[in-house]
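Open the structure in your viewer and have the residue numbering switched on. The stops below say what to select and what is found there.

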Amino acid sequence: MRKIAIASGKGGTGKTTVATNLAAVASRNSIRVAYLDCDVEEPNGALFLKPRIDEKRPVNVSVPGVHEGMCTGCGLCRDICQYGAVAVVNRNVLVFPELCHGCAGCWMVCPTGALVESQRTIGQIEIGRAAKVDFVQGILNIGEAMSPPVIRQVKTTAVDADLQVIDSPPGTSCPVIESIRDADYVVLVTEPTPFGLNDLVLAVETVRTLALPFGVVINRSDTGDGQTLDFCREQGIDILAEIPDDRRVAEAYSRGELACDTVQDYSSIFASLVKRLLEG
Amino acid sequence: MGKKQQELVIISGKGGTGKTSIVASFAALAGKCVLADCDVDAADLHLVLDPQVIWSESFSGGKRASVVTERCTACGTCAEVCRFDAVTFDGPPNSRIDKTFRIDPVACEGCGVCSWFCEYDAIDFSPSVNGEWFVSETRHGPMVHARLGIAEENSGKLVSLVRQEAVNLAEEREIGLVVIDGSPGIGCPVIASITGADMVLVVTEPTVSGLHDLLRVADLTRHFATPAMVCINKWDLNPLVASEIEEQACKQGLRIAGKVRYDRAVTRAQINRLSVVEYQDNGCSSDIRSVWESVSSLMHPA
């Protein structure tokens, strides 16, 4: 199985467009495809692939639970917690679960069993099928700060396939790292504007830090300026595809349609991208 | 009672809807404000505002564990207690054993549990530098911004710091308004940028994704009881979806601050390192001015 992560520093460059079209086109060429939506804060893949959801599973994380009356006020739990998620007042322990990272430190150091491991639901995994594509998405509950546990569960839910397409969140911090860290290859989607280039440079640094092989797709390649292309050439970065701006594609996207179903040229752009990614 | 400075946060849910371009235009229209770029892991506002840094400081949001190879006995306790799969048995040899444990700095969440339980004092647990933050002067007023290190944690803490420093600066210089560029999504950096703010402006676009993500962000602002308004950017790309957004926003009790037409001048302005309202007077600039008027009429800077 080949795991391809679709990422970008800047949001709105076309990550989901590339990921969903790639998955759809590959599946129509007899490749077994799994699409994993790891942009769990704002998952959009389902709007385009329109999967039938067969199963939903909660995403639980470990947090401390309190056994009333057993706290002696020793404060070890407060001392080990690096996140300010535990406070001790007299002989009472107070827990702030939304600050907890689930490291287990507090209940491991508690000498009396006043703190025990318990579970809290922070999101949901949905599993289904969209035409020939196996579909998995994570959805972070509103108000929850930490998406990495949901992303981790999306990736462990993944079914067997020839090609796994991982739709990542934007940015360069922990949710992105969690999404792409064990990918075989990363596709960075950018647009040829100053903002696009600035964030591409950060994304390139990120994938290089993780020592992952990668290439770039320049979306709306005929807008903006030539600096993105110059940067890629100077750095010896593979340009996997240059996708021209097309009003028909933007309109199809706005309605939740796949570009490969709407515009013939796009279907062939993605077919050659699939070929290139599977060869690599 | 309360603070005098008003904080206006621009977020979007979905990325790439034009948040930063709107912030840059607001900076030009506000006359006097303090700017805060809280999109710390993909900050772009500086590309338009050309900040001259007058102060910078490194940011440490937490600690990080690392194995002191020479002291490691390969007992494996660290790997057993780590909940983040950050400890692996592939470290370099020391004078007693051929293989030691190693901590992957990317996977490490800085909880320190390994260090606490190590009987041989073989795990160092000290503050890590996660990024850098800056105070700058721009042509539209002072700006606080930051850069999160590559693959670093604690973006929420850095966002809180940037926001707090911007408010302090506003107080010091007696400026009534802080305009904050937020990040996409609904997670920790977004929560850190909107909690306790006076007004959130959500910039969306007329696409099914834009609508979907707007509704999640609207739930988030309600969850944290932050007043919010909506700006539909590039509304004429799909007027049908744009009116659907207006309808849904009304149902959610969100006020529409205005609609901005699609205009290629936005990209040209960016290439010229200008906000679009500085680049041209007509086109989308007049739309942005009216959005600014409706937002600023609801803010009451001291």
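The tour takes chain B, then chain A, then the contact of the two chains; the model is a predicted one.

**Stop 1: the sheet of chain B**

Show chain B as a cartoon and select its strands. Nine of them make up an open sheet with mixed pairing, in the order β3-β8-β9-β2-β10-β1-β11-β12-β13. At the edges are β3 (52–59) and β13 (255–260) of chain B, each of which pairs on one side only. Ignoring direction, the turn between neighbouring strands of this sheet is 20° on average.

Now select residues 199–204 and 228–233 of chain B. These are strands β11 and β12, which run parallel and are joined by five bridges. For a marker on this pair, show the side chain of B:Leu201, which stands opposite B:Met229 in β12(B).

**Stop 2: helices on the sheet**

Add residues 19–30 of chain B, helix α1. This helix packs on the sheet and touches β1 (6–11), β2 (34–37), β9 (141–148), β10 (177–181), β11 and β12 of chain B. The direction of α1(B) makes about 160° with that of β10(B).

Next add residues 155–172 of chain B, helix α5, which also packs on the sheet. The strands of chain B touched by α5 are β1, β2, β3, β8 (131–138), β9 and β10. With the direction of β9(B), that of α5(B) makes about 165°.

**Stop 3: α1 and α11 of chain B**

Keep α1(B) on screen and select helix α11, residues 284–298 of chain B. The two axes come within 10 Å and cross at roughly 70°. Crossing angles of 65 to 115 degrees count as roughly perpendicular, and α1(B) and α11(B) are therefore roughly perpendicular to each other.

Which residues make the contact between α1(B) and α11(B)? Show B:Ile22, B:Ser25, B:Phe26 and B:Leu29 on α1(B), and B:Ile288, B:Arg289 and B:Trp292 on α11(B). By class, five residues of this contact are nonpolar, one is polar and one is charged.

**Stop 4: the domains of chain A**

Switch to chain A and colour it by domain. Domain 1 covers 2–59 + 123–279, and domain 2 covers 68–113. Taken over C-alpha atoms, the centres of these two domains of chain A are 40 Å apart.

**Stop 5: where the chains touch**

Show both chains and select the contact, which takes 52 residues from chain A and 51 from chain B. On the side of chain A, α4 (105–109), α6 (174–180), α7 (194–209) and α9 (247–255) each supply at least two residues. The largest share, eight residues, comes from α7(A). Coloured by class, this side of chain A shows 20 nonpolar, 23 polar and nine charged residues.

How values were computed: Residues numbered from 1 in each chain as written. Chains lettered and ligands numbered in written order. Predicted model: local features only at pLDDT ≥ 70, side-chain atom pairs only at ≥ 80, totals over all residues. Pairing = 2+ DSSP bridges. Helix = DSSP H or I, 4+ residues; strand = E, 2+ residues; numbered from the N terminus. Axes fitted to C-alpha atoms, helices over the stretch in contact; angles between N-to-C directions. Contact = placed C-beta atoms within 7 Å. Domains from an automatic or database assignment. Parallel < 35°, antiparallel > 145°, perpendicular 65-115°, else oblique. Nonpolar A, V, L, I, M, F, W, Y, C, P; charged D, E, K, R; others polar.
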